[in-house]
Structure formats: C-alpha cells, structure tokens
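Subject: Structure for you to look at

Hi,

Here is the structure I promised to pass on. Please open it next to this email and follow along.

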Amino acid sequence: MAQSPQLATVADTLTPARKKVLVVGATGFLGAKILHNLALEKSAAVVAMSRKGAPSGGDAGIEWVRGDMMDPASLDRALQGVDVVVSSANSYMKGSLDTDFQGNKNLIEAAARAKVSRFVFLSIVSCEAASAVPHFHAKKVAEDLIKKSGVPYVFVRAPSFLDQSTDFIAKAVKAGKFQGMGDKTTRWSYVLTDDLASYLTKAAIYPGADIVNQTIDVGWSDGPKNQQELADIISDVINKRLKIQIIPWWMIRVAARPVKLFSELGYDLIQMFLFFRTGLYVSDISRHEDFFGPAPTARDAITRWARNQQLIP
C-alpha cells in the first residue's frame with residue numbers, strides 16, 4: 001500500500017537532517033580513512049576538499065569541492081552550507097610548514113565567517129609544552145586561534161602514530177628488526193591511525209552538546225610504551241624475536257645543528273624526537289572513553305596493525 005502524503009510528511013519531519021561535514025586534508029593518509037568512516041554514517045553528508053577536485057574512482061557518495069588553505073576565497077566557497085569541519089590537514093614532511101601556520105589561520109577565519117556549528121581539529125598531545133617543535137607549536141597556535149574565533153570546537157589530540165603512509169616500523173620488522181629512537185626506557189604514547197580516524201569521525205557526528213569545546217587526548221588504555229616494551233609486544237604478536245636497534249639521544253642531538261642548515265623539516269623531526277625524551281609526550285585519556293568508547297590496549301592495536309601490514313594472517 002502506498003504511503004499517504006500526510007504520513008510521508010510526518011516521516012520526513014521525524015528524520016534528523018543530515019549534517020554537512022567537510023573534511024580538510026581529505027587526500028592525505030589519515031584523511032582518506034576519515035572519509036571512509038564518515039561515508040558509512042547515515043547522519044553525515046560528506047564533502048571532501050582538495051586543491052585538484054575529485055579523484056578518479058572515488059566514492060560516489062562523497063561530494064568533492066576545490067579548496068586551498070592558502071587561498072581564503074576558495075575556502076569561503078568550499079565552506080558554503082557546511083555544518084561541521086574536520087581538519088587533519090598539515091604540511092609536515094611536505095617541504096614547508098606554511099599550511100600549519102598561515103593555512104590553519106585562513107581555515108579558522110573562513111569557518112568563523114561560515115558560522116559552522118563544530119570545528120573538529122586534529123591536534124597533538126602536549127603541544128603547549130613543545131614550542132621548540134615547529135609543527136607541534138603550530139597546533140597550539142591553531143588551538144588558540146580557534147578558541148579566540150568563537151567557533152565551537154573539539155580538539156582531538158593525538159600522540160605518535162604507530163603506522164604511517166610509509167611504514168618504517170613494519171619495513172624493519174619484516175627484516176627481523178625493531179628500529180627505535182633514543183633509549184629503551186623513555187615512554188611516550190601511540191595511536192593506530194585506523195582508530196584515530198574513528199575518533200575524529202565520532203567527534204564530528206557526536207549528537208550531544210557536551211563534546212563541544214572539549215580537548216580530548218587519545219591513546220591506549222594501558223598507557224605509554226617505551227621502545228623495549230613496543231618491540232616485545234610486536235615480537236609476541238608476530239611470534240618472532242626482533243633484533244632491537246636504537247639511535248641514541250646524543251646522536252640525534254648532534255645531528256640537529258647541521259640538519260637545520262639545509263632542511264627545515266628535518267630539523268623539525270629531530271626536535272620532535274628530542275621532545276619525546278622529556279617524558280611529556282603522554283596522553284591523558286580521561287576524556288577518551290567518555291566520548292569515543294573504550295580505548296584499545298597496546299596489544300590490541302598492534303595486533304590489528306600487524307594484520308594490516310601482513311605480518312600475521
């Protein structure tokens with residue numbers, strides 16, 4: 001039996017409107033995972049921003065818009081009608097830090113002009129204590145600009161990525177080695193990017209107002225790990241003993257000055273590793289489970305990572 005026009009109208013009014021969610025940084029390693037997660041959410045109408053427009057063979061359910069973080073006019077066009085911005089954009093290891101500073105400033109100002117209802121910003125654990133690390137400091141600068149703008153926000157602060165687009169840990173493990181930094185005792189926090197993409201998605205579609213203007217560290221339920229612990233868990237998961245190779249702190253520190261002369265981003269990377277040595281790069285996950293559900297253990301995350309990297313069946 002056909003549904004009456006009156007019942008159809010009532011049904012439409014009872015169906016929550018889909019929020020238009022714009023993903024900035026959509027073409028990146030993490031951004032692609034955020035897009036995939038959001039595309040599965042019925043409450044989100046997903047829009048992806050790219051300087052070049054839609055890629056070939058993309059998801060038909062995702063709308064692509066052109067936009068460049070260094071071009072404010074293009075951001076105004078991209079943000080038309082947008083309810084929620086999710087930004088995982090950065091220029092780290094791409095030749096310049098312009099996006100991390102000026103690009104973020106442009107995006108924040110455009111979000112304020114567009115009066116978006118939520119700005120989900122990927123930040124970094126303890127960035128307020130890392131002024132010597134340019135791309136960490138850029139996150140704190142952006143957080144302050146967002147707060148000043150008055151745009152409702154959620155800061156999801158991530159620790160060190162267990163996996164990368166080029167997974168150096170996995171490459172070494174496949175060769176029977178674990179290559180670490182600094183020493184075997186200093187602990188810092190980690191996150192698997194599949195999990196991080198899930199958290200950013202949940203921050204975007206979370207229905208309650210209690211998440212607004214929250215700063216949420218994410219990480220593992222059993223806390224930070226040192227290089228020995230990380231190597232031991234990986235060895236146990238793949239059932240293969242790894243040879244541990246550690247680049248010592250003194251060698252990293254000595255390299256800083258000459259690298260600074262010819263590589264801005266290389267120097268940034270060295271400063272990041274030296275910040276790890278402070279012991280401050282540790283997630284406080286007290287708010288994590290309130291909004292994103294149970295945090296995984298290190299073993300759970302590493303097992304899924306090992307399976308993704310075909311280290312185990």
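Which helix gives the most to the lining of the second largest pocket? Helix α2, residues 29-39, does, with four residues. Keep in mind that this is a predicted model.

**The pocket**

The second largest pocket has a volume of about 150 Å³. Its lining includes Ala26, Thr27 and Gly28. Ala32, Leu35, His36 and Ala39 line the pocket too. So do Leu40, Pro55, Asp59, Ile62 and Trp64. Sorted by class, eight lining residues are nonpolar, three are polar and one is charged.

**Helix α8**

Now go to helix α8, residues 227-238. It has 12 residues. From first C-alpha to last, α8 reaches 17 Å, close to the 16 Å expected at 1.5 Å a residue.

Look at both ends. At the N-terminal end, Asn226 acts as a cap. One of its side-chain oxygens lies 3.1 Å from the backbone nitrogen of Gln228. After the helix comes Asn239, with a positive phi near 55 degrees.

Which residues of α8 are buried? They are Gln227, Leu230, Ala231, Ile233, Ile234, Ser235, Val237 and Ile238. An α-helix has 3.6 residues a turn, so residues three or four places apart point the same way. Try tracing that pattern on your screen.

What covers these buried residues of α8? The cover includes two helices, α6 (168-174) and α12 (298-308). It also includes the strands β8 (177-182), β9 (190-191) and β11 (243-248).

**Val86**

Next, find Val86 in strand β4, residues 84-87. Is Val86 buried or exposed? Its relative accessible area is 1%, so Val86 counts as buried, the cut-off being under 20%. Leaving out residues up to four places away in sequence, Val86 touches Val21, Leu22, Val23 and Val24. Other contacts of Val86 are Ile34, Val120, Leu200 and Ala204. Thr201 is worth finding as well. Val86 and Thr201 are 115 residues apart in sequence. In space, their C-alpha atoms are 8.2 Å apart.

**Glu143**

Last stop: Glu143, in helix α5, residues 134-149. Why does Glu143 count as buried? Because its relative accessible area is 2%, and buried means under 20%. Glu143 touches Phe121, Ser123, Cys127, Phe155 and Arg157. Again, that leaves out residues up to four places away in sequence.

Have a look, and write back with anything that puzzles you.

Best wishes

Definitions and conventions. Residues are numbered from 1 along each chain as its sequence is written. This is a predicted model: local features need pLDDT of at least 70, side-chain atom pairs count only at pLDDT 80 or more; totals for chains, interfaces and linings use all residues. Side-chain values use heavy atoms; hydrogens and water are left out. The expected span of a helix is 1.5 Å times one less than its number of residues. Buried means under 20% relative accessible area, exposed over 50%, partly exposed in between (1.4 Å probe, protein chains only). Contact means heavy atoms within 4.5 Å. A polar contact is a pair of N or O atoms within 3.5 Å; within protein, one must be able to donate a hydrogen and the other to accept it, and residues adjacent in sequence count only if both atoms are side-chain atoms. On a 1 Å grid over the protein atoms alone, a cavity is a set of points where a 1.4 Å probe fits but cannot get out, and a pocket is an open set with protein on both sides within 12 Å along at least five of seven lines; lining residues have an atom within 4 Å of a point. Grid points are joined across faces, edges and corners, and a volume is the space filled by probe spheres set on the points. Ala, Val, Leu, Ile, Met, Phe, Trp, Tyr, Cys and Pro count as nonpolar, Asp, Glu, Lys and Arg as charged, and the others, Gly among them, as polar.
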